[in-house]
Each structure stands twice: as structure tokens, then as C-alpha cells.
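Please open the model in your viewer and keep the sequence panel beside it. The stops below are meant to be followed in order, with a selection to make at each one.

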Amino acid sequence: MKKGFKYVSVVVALLLVGVLSFYAGQRSRFAYLIKNERISAMEKLEATLYLIQKYYVDSVNPDKLVEDLIPVLMNQLDPHSSFLTAEQRQQELENIDGYFYGIGVTFNYLKDTVVVLDVVPNGPSDIAGIQPGERITHVDGQSIEHLDVSADSIRSKLKGPNHSVVRLQVRNPESGEIRDVAVTRGVVNMNAVDASYMINDSLGVIKIASFVSNTYNDFMAAFAKLEQQGMKGLVIDLRDNPGGVMQAALLLSNEVLPAGRLIMYMQGNSVPREDFRSDGTGSLQNIPIYVLINEISASASEILSGAIQDNDAGILIGRRTFGKGLVQKPFEYYDGSSIHLTIARYYTPSGRCIQRQYKLGQEEEYSMDWLERLQSGELFHQDSIHVNEELLFHTMSGRPVYGAGGITPDIFIPRDTIGYNSYTSQIFTKGVIPAFAFKYADQYRGALKSLGDAQTCYTFLTRQGLVWQMANFANQEYGIRVRNFLIYQAEEKLEDLLISVILNYTYGRDASEKAGNIHDPMMQCAVKLFDSGVYTPMQVPQEDLMLPDTLAQSVFEKTPDVVD
């Protein structure tokens with residue numbers, strides 16, 4: 001017994017000596033670092049943190065200091081290197097993976113009430129019997145009505161582990177009946193393809209919302225569906241698409257290009273050049289391709305656009321893209337947080353880097369580029385686009401293209417300002433259109449669905465005087481005075497928007513996007529080119545394109561009269 005005690009005492013004594021020796025050594029080391037004029041920047045930072053911890057007047061948490069310091073360090077680099085908290089990183093991974101675990105509903109949190117807009121077919125809520133239009137009042141016994149919370153807060157309550165059960169109370173808006181529903185959470189896929197539809201008998205449209213893990217599969221499924229409907233040409237809508245996963249852009253570019261074509265290459269200080277080439281197995285090689293882009297199209301959107309433009313594989317329509325040519329790699333910390341560090345630049349097949357200029361640590365100035373474009377008139381006049389003549393490159397056919405500052409389209413379409421005035425500015429700013437459209441769709445959901453299809457519903461809605469109904473709603477609910485002349489000026493635009501949102505609430509995104517693009521100048525241009533047999537950028541006429549005034553009639557064919 002005494003022998004064991006003596007052994008333990010010796011061990012403890014040795015450990016104590018070791019700990020004291022460590023701290024004594026550290027003090028000696030930091031004293032050396034502080035006095036040494038030739039220490040590295042990293043050693044200086046380490047010594048500074050030690051001094052703060054040891055001598056600072058108040059008690060501070062050194063771990064917290066480091067956590068706060070990392071974002072500051074990232075802010076001193078390029079505008080796309082960043083720090084993500086563990087929660088932000090988890091959300092990002094969900095977005096990249098393209099799915100999460102939840103109940104499978106789309107909802108609107110209107111006037112403190114959760115209204116189910118749609119349910120995922122064969123998803124958890126569909127299986128449990130929840131219907132569009134019903135109100136969710138309680139989640140696991142807790143009321144979610146009349147609360148001052150965000151939609152994200154509601155969404156977090158509805159999400160949960162796979163196969164877990166959430167108990168809801170649901171109210172029928174017509175009968176007022178409240179029932180208990182148990183929903184087993186499951187996989188809910190996020191749609192990377194926002195919409196796919198035939199804009200006319202032979203031209204299809206696929207709108208890509210983002211580039212994530214499932215973008216390629218969603219795109220190819222949409223492409224197959226349109227082929228079955230007789231598609232002979234395709235519009236790829238990349239407007240307002242901020243990009244995402246590079247691999248998705250590479251896969252889609254491969255679908256368009258013949259074998260052996262360069263899609264892009266990347267290179268950095270510590271990253272040797274890596275080329276990405278097509279393998280010739282793509283399904284889109286032999287059909288006319290039209291790509292719609294604007295000033296928000298960025299990153300992976302620009303990889304796809306650049307590959308198509310430099311290989312003369314399609315016609316780019318719209319406005320100059322954002323200009324992000326930097327590649328980030330995530331590095332995760334033990335606690336789930338991460339940094340996204342720029343490791344390389346990517347280059348389009350012609351050899352151009354389309355990254356717009358930036359200064360280290362000047363993110364605010366960088367983010368104001370859109371305002372400079374607006375003030376310079378670039379969004380409205382092609383002549384106002386400034387290119388760097390020294391960064392001249394050529395496509396495979398010899399067409400000139402320029403590096404830095406994004407991708408300039410083959411055909412410029414100015415931003416549409418028709419119908420924008422002081423009245424519509426108030427309407428848009430206060431969110432009147434989605435509020436009225438939802439109220440209308442919710443009130444007449446049964447009648448609108450009973451019309452049978454989106455085309456018939458579209459025709460019906462054009463006869464309901466929606467713009468003037470909305471104007472009265474805006475006056476009563478928001479105090480926005482009815483101004484007849486200004487409303488008349490914007491009537492076509494307002495009606496398109498209202499019908500698009502109402503169709504989204506009743507017939508889904510495909511119908512909504514199709515209606516919203518009836519008078520869209522970029523879509524009109526693509527239709528005109530296709531109808532005129534202009535299938536490649538080398539065929540694009542230099543003179544101004546005369547776009548048809550009657551495109552709206554060709555998009556939604558005239559349908560039989562319905563009872564108003």
C-alpha cells in the first residue's frame with residue numbers, strides 16, 4: 001500500500017515539474033521573441049496574444065480573440081476569401097449537397113401565419129396528407145401563429161434529423177377545422193433547375209438557379225423532358241445565377257462541346273496549371289444553344305458561358321457578367337467553422353481571366369461595381385461597356401473577346417426600363433406585388449386550379465383587371481395613392497409580374513417563368529434568332545435585330561374562352 005502511494009507521489013511530482021518547466025520555457029521563449037528584432041510576423045502575433053493573456057488589465061478569452069481575428073485576416077485578402085462560422089458552413093454544405101431533411105413543403109409566412117403553398121410530390125407532407133392552402137398553426141405543441149419571427153426561424157423548426165417525427169396542427173382555411181398530423185421527416189431535394197418549359201413549339205428553356213451537386217442531374221432530366229416535347233433548340237437561362245460548384249459547370253460544358261475542346265484551365269501560386277477538356281459524349285452538341293446572362297451571372301455561370309463563347313458553341317445574349325475568375329478552396333477547422341481561401345485563377349479556353357479588378361482589403365469598393373456600371377450607363381447602352389484593349393483574345397473562329405471584368409455577350413440587350421416610374425417604385429419597394437398575388441391566389445385557389453392547366457389560367461387572368469385590383473389593394477393596405485396615368489404606363493409590366501407570381505402559387509415555377517418571359521427582351525431575342533435560322537455566333541447579323549411585337553401570342557397560344 002505504501003509502495004503504491006510512493007509510486008503515485010513520484011509520478012505527480014514529475015508531472016508538476018514538467019508543467020512548470022513548460023511555462024518557464026514559454027516565458028523564456030516569449031521574452032526572447034519580444035526582444036528579438038528579427039522575429040517573423042507569425043511569431044510576433046503569437047507573442048502579442050501571449051502578452052494580452054498575461055498582462056491585459058481585464059480578463060479576456062484568447063480563443064475568442066483568435067475567432068474574431070480570422071475574419072479580419074480574410075478581409076485583408078481578395079473579396080472572395082472568407083470565414084464561415086460552423087452554422088454558416090453547415091448551411092453552405094446543405095446548399096452544395098442539394099438536399100436537407102425536412103417535411104417537404106413550400107410555405108409563405110404571411111401576416112404571422114404559415115400558409116402551405118405547395119407540397120413535394122410523394123414527399124413527407126404529401127404522404128401525411130397536408131394540402132396546399134392549409135395553415136400550419138403548431139409545431140410539436142408550440143404555436144407558431146402571431147409571432148414576430150422570420151421565415152428562417154420557422155424553417156428551422158420544420159427541419160430535423162432524417163426519419164424523426166414532427167407533430168403539426170394544421171387548419172383548413174375554408175372549414176376552419178384543425179387537425180393533428182404526424183410527419184416523418186425525410187430527404188427534401190432542393191431544385192437546382194428553377195424551371196424548364198417550351199417557349200414555343202420547338203424552342204425549350206432551362207433556367208438554372210445555382211450550381212450545386214445535383215445541378216447536372218437536374219439539368220439533364222429537364223433536357224430529356226423537353227426533348228420528348230419536340231425541342232429543337234435550347235435557351236439556357238443563367239440570369240441572376242451567382243454560380244457555385246465548379247464541377248457542375250464543367251459537366252454542363254462537356255455536354256455542349258465536341259471531344260478534346262478546352263473548357264477552362266486553372267492556375268495559382270501553389271497550384272500548377274490544370275486543363276479541363278470535353279470528352280465528346282455530350283447530348284447538346286448538335287442543337288442551337290442560346291445563353292442568357294446579366295450583371296449578376298457569376299463564377300460557375302461564367303465558366304459555362306466562357307466555354308460556350310470561346311468555342312463558338314452558342315450565342316450569348318444579355319449584359320456583361322459579374323466578373324469572378326477566382327477559385328476558392330474550403331479549409332475546415334475542428335469546430336465546424338471554415339475559411340474559403342482563394343487558391344487559383346481560372347481561365348477561359350481563349351486564355352482570358354475574366355476576374356474584374358480589385359484591391360486587397362477593399363471589399364466595399366469592389367462590391368460597388370454594380371453602381372459604377374449603373375452610373376456609367378453600361379446597363380442601358382452597349383457603347384458604355386469599357387473593355388481593356390490590351391487584354392484581347394480570340395475565339396476558335398477568330399472573333400475578338402476581352403479579359404478582365406466579366407464576359408461580354410455576343411448580343412447586348414439593355415436593361416428594360418419601360419414601365420418604371422415613381423408609382424411602380426413604391427409598389428416594388430413595399431412588396432405589394434407578391435402580397436397581392438398571394439392573397440388573390442389563396443382566395444381563388446380552387447377556382448384557378450379548376451381551370452385545368454396553366455395556359456387556360458393565363459388567359460383567364462389577363463381578363464381580370466389584376467393591375468387595377470392591385471392598385472386598390474395597394475391604396476387600402478399600404479396607403480399608395482392610385483395614379484391612373486402612371487399605372488397605365490406600367491400596366492403591361494405589372495400584369496406580367498402579377499400573373500407570373502399567381503401562376504407560381506397555383507401551377508408552379510415552369511408556368512410562372514413562362515408567363516414572366518412573354519415580353520422579356522432577351523427571350524424575344526433568342527426566339528427571333530432561332531426562328532430566323534441564326535444558330536451560331538458567326539451568323540449573328542451586325543445590324544440591330546428587329547424583334548417581333550407579337551411574341552406574346554406565340555408563347556401562350558390563344559385558348560378557348562373560359563367563364564370569367
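The tour goes from the whole chain to one sheet, then to the helices around it, and ends in the loops.

**The whole chain**

Begin with everything displayed, and bear in mind throughout that this is a predicted model. The chain holds 21 helices and 21 strands, and of its 564 residues 44% are buried. If you colour the accessible surface, you are looking at about 29700 Å², of which 52% belongs to carbon and sulfur atoms. Among contacts between residues at least 6 apart in sequence, 69% join residues at least 24 apart.

**The six-stranded sheet**

Next, select the strands β10, β11, β12, β15, β16 and β21, which in that order form an open sheet of 6 strands with mixed pairing. At its edges stand β10 (193-198) and β21 (411-412), and because each has a single partner strand, one side of each is left without a neighbour in the sheet.

Now restrict the selection to β12, residues 233-237, where 5 of the 5 residues are buried. Which way do its residues point? G233, V235 and D237 point one way from β12, while L234 and I236 point the other way, and all of them are buried.

Add β11, residues 203-208, which pairs with β12 in the parallel sense over 5 bridges. The chain travels from β11 to β12 by way of helix α7 (residues 215-228), and this β-α-β crossover is right-handed. To inspect the pairing residue by residue, show V205, which stands opposite V235 in β12, and then G204, which stands opposite L234 in β12.

Then bring in β15, residues 289-293, which pairs with β12 in the parallel sense over 4 bridges. Here D237 has L292 in β15 as its bridge partner.

**Two helices in contact: α7 and α8**

Keep α7 on screen and add helix α8, residues 246-256; the two pack at an angle of about 35 degrees, with their axes 9 Å apart. Showing side chains, you will find T215, Y216, F219 and M220 in α7 meeting A248, L251, L252 and E255 in α8. The residues of this contact between α7 and α8 divide into 6 nonpolar, 1 polar and 1 charged.

**The covered helix α9**

Move on to α9 (300-310), which lies across β15 and β16 and runs at about 135 degrees to β15. How many of the residues of α9 are buried? The count is 11 of its 11 residues, and the buried residues include polar and charged names in the sequence panel such as S301, E302, Q309 and D310. To see what covers the buried residues of α9, display the elements around the helix, among them α8, β13 (262-267), β15, β16, β18 (338-347) and β20 (400-402).

**Just past α9**

Step forward along the chain to D312, in the loop between α9 and β16. This residue has a positive phi of about 55 degrees although it is not a glycine. Most residues other than glycine have a negative phi. D312 counts as buried, because its relative accessibility is 10% and the cut-off for buried is under 20%.

In the loop between α9 (300-310) and β16 (315-318), select A313 as well. Leaving out residues up to four places away in sequence, A313 touches V256, L257, I289 and I308. A distance label from A313 to P258, drawn C-alpha to C-alpha, should read 9.2 Å, although the two are 55 residues apart in sequence.

**Two further loops**

Select H163, in the loop between α6 (151-158) and β7 (165-171). H163 has a positive phi of about 75 degrees, and it is not a glycine. Is H163 buried or exposed? At 61% relative accessibility, H163 counts as exposed, since the cut-off for that class is over 50%.

Finish at R356, in the loop between β18 and α10 (363-367). R356 is buried, with a relative accessible area of 7%. Setting aside neighbours within four places in sequence, show what R356 is in contact with: F322, G323, Y366, D369, R373 and G405.

Key
Residues numbered from 1 in each chain as written. Predicted model: local features only at pLDDT ≥ 70, side-chain atom pairs only at ≥ 80, totals over all residues. Heavy atoms only, no water. Buried < 20%, exposed > 50% of the residue type's maximum accessible area, 1.4 Å probe, protein only. Pairing = 2+ DSSP bridges. Right-handed = clockwise from strand over helix to strand, strands pointing away. Contact = heavy atoms within 4.5 Å. Areas by Shrake-Rupley, 256 points an atom, 1.4 Å probe, with all protein chains shown as cover. Axes fitted to C-alpha atoms, helices over the stretch in contact; angles between N-to-C directions.
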